[in-house]
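Visitor: Could you walk me through this one? I'd like to know what the words really mean.

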Amino acid sequence: MYGGFRGNIVELYSMYKIVKPNVILKCVKCGQIYTPKPRLFLCPKCGSLIDVIINVEEFRWNKARERRFGVWRYRELLPIRDEVEPVTLGEGGTPLIKLRNVYERGIVDSRNVYVKFEGANPTGSFKDRGMTVGVTIAKYLGVEGVVVASTGNTAASTAAYAARAGLRCLVVLPQGGVARGKLAQALLHGAEIKEVEGSFDSALEEVLDKVLNEELSGYYPLNSFNPWRLEGQKTISYEIVDELGTTPDFVIVPVGNAGNISAIWKGFKELYELGLINDLPRLVGVQAEGAAPIATAWFRGLTEPLFIDKPTTIASAIRIGRPINWFKAMRAVKESNGFFVTVSDEDILNAMKILAKYEGIGVEPASATTLAALIKCVNEGKISRDDLVILVATGHALKDPDTVFRAIPA
Ligand code: AN7
């Protein structure tokens, strides 16, 4: 008992050295409030995930814009104390590219579409936004290393930021399920790689079990059940508004473990609650047909996902059957008056080729789901041709060269 009590005081102290005093944690389901603790990931009362809540005093675009375009431009809206120097590689500040040619050529009947090109991040995916915050916390907590389960991009990003911070990195991957560019990055940045049988879901289960049983006590977990990491990812929304000066009608996001769509919604909602935007966008979550536990449940009007054991899709990044953030994501999409869509592997490959050939934008298959979804939604009349639409293109084409060679034999 005494040890546990002492541990809590030390944890509380160590956390408030890193996060601002106006930050609390809140259970997403039962609403219970907690003081920030580095390893509070599941609500002790009801077992659900946790959100970070920041009581922002003031945010002014003008002041923020004196800083470089990127994650740390929005420091007032992030939980990290001003005096903490972040572990950064210059993440965020990615291009917002307006599509031109696909409309003119009659390929996509929508003329107000922008791609938020997250492939331009330091390791080539949006994960870097989360890792700059997550690894900063890990570094100042003084842990030995960081650990993640991953379909690839999280591994690549964590490995790079851990290297930058001088921390060890352990990545747990589904054997044979990770695209080669991502595996190469994890190796190059010096991660220790452990492969498990089955899908990403088995890898995540292993990490979560070990973390909850304190078997990996020297290692700080940075999967998206870690709410601090998602604080970095919410800056995608800040940047979209910062650059457009308005709220888009639709934001289309690929959904795997469902952390990113949850973070994006949190970002927009915070701007709305601070009076910085007057409207909220509608969110469209996209899953691949063979890996659609949330979308299939949504179609049937269910409020809980239909988990699947063997997810299949060419888009290995989102080959996930038991998304841990399902509750946050379903709530976000519902609150936004949005919806979920599924797309076939054929549509994904086709969309990937269209973006690359007609617009010069090279994305990996998971990201191409967004254009495939837009085409489907425009055809079905769910999105109209003048709507302002953002496609969140989460990862770079170089991540998965093998799929390109299979789709376009050289
Ligand atoms: C390119 O790297 O889950 O819905 O372990 O790499 O927040 O999971 C990757 C996910 C979309 C889905 N696009 O985001 C991992 C991992 C790309 C991705 C997603 C991922 P979430």
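Guide: Sure, let's start at the ligand: a backbone N or O atom of Asn-260 lies 2.8 Å from one of the ligand's oxygen atoms. Keep in mind that this is a predicted model, where local features need pLDDT of at least 70, side-chain atom pairs count only at pLDDT 80 or more, and totals for chains, interfaces and linings use all residues. Residues are numbered from 1 along each chain as its sequence is written, and side-chain values use heavy atoms, with hydrogens and water left out.

Visitor: What makes the Asn-260 pair, at 2.8 Å, a polar contact?

Guide: A polar contact is a pair of N or O atoms within 3.5 Å. Asn-260 gives a backbone N or O atom, the ligand an oxygen, and they are 2.8 Å apart, so the pair counts. Asn-153 also qualifies, because a polar side-chain atom there lies 2.7 Å from a ligand oxygen.

Visitor: How do you know how much of the ligand is buried?

Guide: Accessible areas come from the Shrake-Rupley method with a 1.4 Å probe. Alone, the ligand exposes 470 Å², and the protein buries 99% of that.

Visitor: Why is the ligand's space called a cavity?

Guide: On a 1 Å grid over the protein atoms alone, a cavity is a set of points where a 1.4 Å probe fits but cannot get out. The ligand's space is the largest cavity, with about 330 Å³ of space.

Visitor: Which residues line that largest cavity closest to its centre?

Guide: Of 28 lining residues, Phe-126, Lys-127, Gly-256, Asn-257 and Ala-317 are the closest to the centre; lining means having an atom within 4 Å of a point.

Terms used. Polar contact = N/O pair within 3.5 Å; in protein donor to acceptor, adjacent residues only side chain to side chain. 1 Å grid on protein atoms, 1.4 Å probe; cavity = no way out; pocket = protein on both sides within 12 Å on 5 of 7 lines; lining within 4 Å. Sits in = over half its atoms within 2 Å of the grid points. Points joined across faces, edges and corners; volume = space filled by probe spheres on them.
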